[in-house]
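Let us walk through the enclosed spaces of this protein and then turn to its ligand. Keep the view open as you read.

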Amino acid sequence: MKKLLVLSLLVLSISIAESQKSENLALTPPMGWNSWNTFGCDINEELIKGIADAMVDNGLRDAGYEYLVLDDGWMAMERDENGRLYGDPVKFPSGMKALGDYIHSKGLKFGIYNCAGFKTCAGYPGSRGYEYIDAQTYADWGVDFLKYDWCNTEKLKAEGAYMTMRDALYATGRPIVFSICEWGDSDPWKWGKEIGHLWRVSGDIINCWDCEVGHGSWSSWGIWKIINMRKDIRKYAGPGHWNDLDMMEVGNDLTDAQNRSHFAMWSILASPLIMGNDIREASAETNKTLSNKGVIAVNQDKLGIQGFRFSNEDNIETWIKPLANDDWAIVFVNLNEEDFELKWDWLKHDMGDDINNKSIDFKNDICEIKDLFNNKNLGDTSKPLKAKIGVNDALMIRITKK
Ligand code: GLA
């Protein structure tokens, strides 16, 4: 009897120990690059190595971008005779381990993609029924990040399916960031915290300012459609568990102004900052936007509070985010079709965040103002802030108590 009790306690403690995600990962929103938005399944060894080189040479790695993630299309169409996945031998002749080694040799981390269903969205072998084998394969290759998609999952329940993969990853003993990609269909923000480190909140992004592009049963969403899609989920985000607004379209045929606004919004919303452009070919302006230290610091702020809409006056969207040391970040985005002369009277705009118990009263607290995109001091909050904001452009500032 006693033996039985000891045995069941042992089994219980093992299963509790295994039912968790790797902690102390993604304490700030993950930053990196993903192949999907620009390349779809058309990826190969040379391209990925070129991207790794560009991340280093363009200063993006040093700006904080860390994970280089291969999306759908990396694997062979079948598993090997042991049921293990392997890279498409034509696209990746040196194999995935060698690719991971190259990525690591550049001081970057290696991310990979699969799906909870029988097949991935593009029809490659999915992980259903192979979760533990696949997790171990990734760990053997030195994978640091897994994006786990939701195609071909008929009859599966999302929470359980993601839990199975979480446990499989944990069982490998390798810390792997787990990126839940079920498009927000079953409110992953409500259960994702214990399972993954980030979860998509929408269907796929597309590179337009505010459009919806239908594909029959599903749609792709422009930048402002995604921003406006979810209400009241900011409370679910925090260190180690983030609302993921999808890979960015910065640099993908948006105007420079729209690129800045898109980047500013992903930053203030504490979304993962995963680039989706061809960084080998990016313009100097795109590179400058993506590597802006001040904007990145807002996103990476250690409190990990997701920002929120403060107001929309005159078609100027104003979003705010409390930061460490009682600083605040503010983004003003001009949605008008013409330039806008902003005149922002601080005394009429005291700010507060009830969820996080933060507030600022501009009568008593005078703050210095820093323009983050232009790296310029704009005076302080004792006088109204005046600035011209171009069409679809963003003025992003950080205010610090004097
Ligand atoms: C889904 C995901 C995308 C991408 C593709 C790959 O649509 O949401 O981000 O991973 O699958 O097929």
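A cavity, on a 1 Å grid over the protein atoms alone, is a set of points where a 1.4 Å probe fits but cannot get out; a lining residue has an atom within 4 Å of a point. Grid points are joined across faces, edges and corners, and a volume is the space filled by probe spheres set on the points. The model is predicted: local features need pLDDT of at least 70, side-chain atom pairs count only at pLDDT 80 or more, and totals for chains, interfaces and linings use all residues. Residues are numbered from 1 along each chain as its sequence is written, and side-chain values use heavy atoms, without hydrogens or water.

Two cavities reach 30 Å³ or more. The largest has a volume of about 100 Å³. Its lining is made of N34, V69, F145, K147, S179, C181, L198, R200, D244, D246, M247 and I274. Strands β4 (145–149) and β6 (198–200) each supply at least two of these residues; strands are DSSP runs of E, at least two residues long, and helices are runs of H or I, at least four, both numbered from the N terminus. By class, this lining has six nonpolar, two polar and four charged residues. Here Ala, Val, Leu, Ile, Met, Phe, Trp, Tyr, Cys and Pro count as nonpolar, Asp, Glu, Lys and Arg as charged, and the others, Gly among them, as polar.

The second largest cavity has a volume of about 50 Å³. Helix α7 (residues 158–172) gives the most to its lining, with three residues. Among the lining residues are Q20, K21, R174 and H197. The classes here are five nonpolar, three polar and three charged.

Now the ligand. Where does the ligand sit? It sits in the largest pocket. A pocket is an open set of grid points with protein on both sides within 12 Å along at least five of seven lines, and sitting there requires more than half of the molecule's atoms within 2 Å of its grid points.

Around the ligand are W36, D71, D72, Y113, C121, K147, D149, C181, W183, R200, D204 and M247, each with a heavy atom within 4 Å of the ligand. This shell holds six nonpolar, no polar and six charged residues.

Polar contacts (pairs of N or O atoms within 3.5 Å) follow. Polar side-chain atoms of D71 and D149 each lie 2.7 Å from a ligand oxygen. For W183, the distance to a ligand oxygen is 2.9 Å. Taken alone, the ligand exposes 310 Å², and the protein buries 93% of that; areas come from the Shrake-Rupley method with a 1.4 Å probe.

Terms used
Polar contact = N/O pair within 3.5 Å; in protein donor to acceptor, adjacent residues only side chain to side chain.
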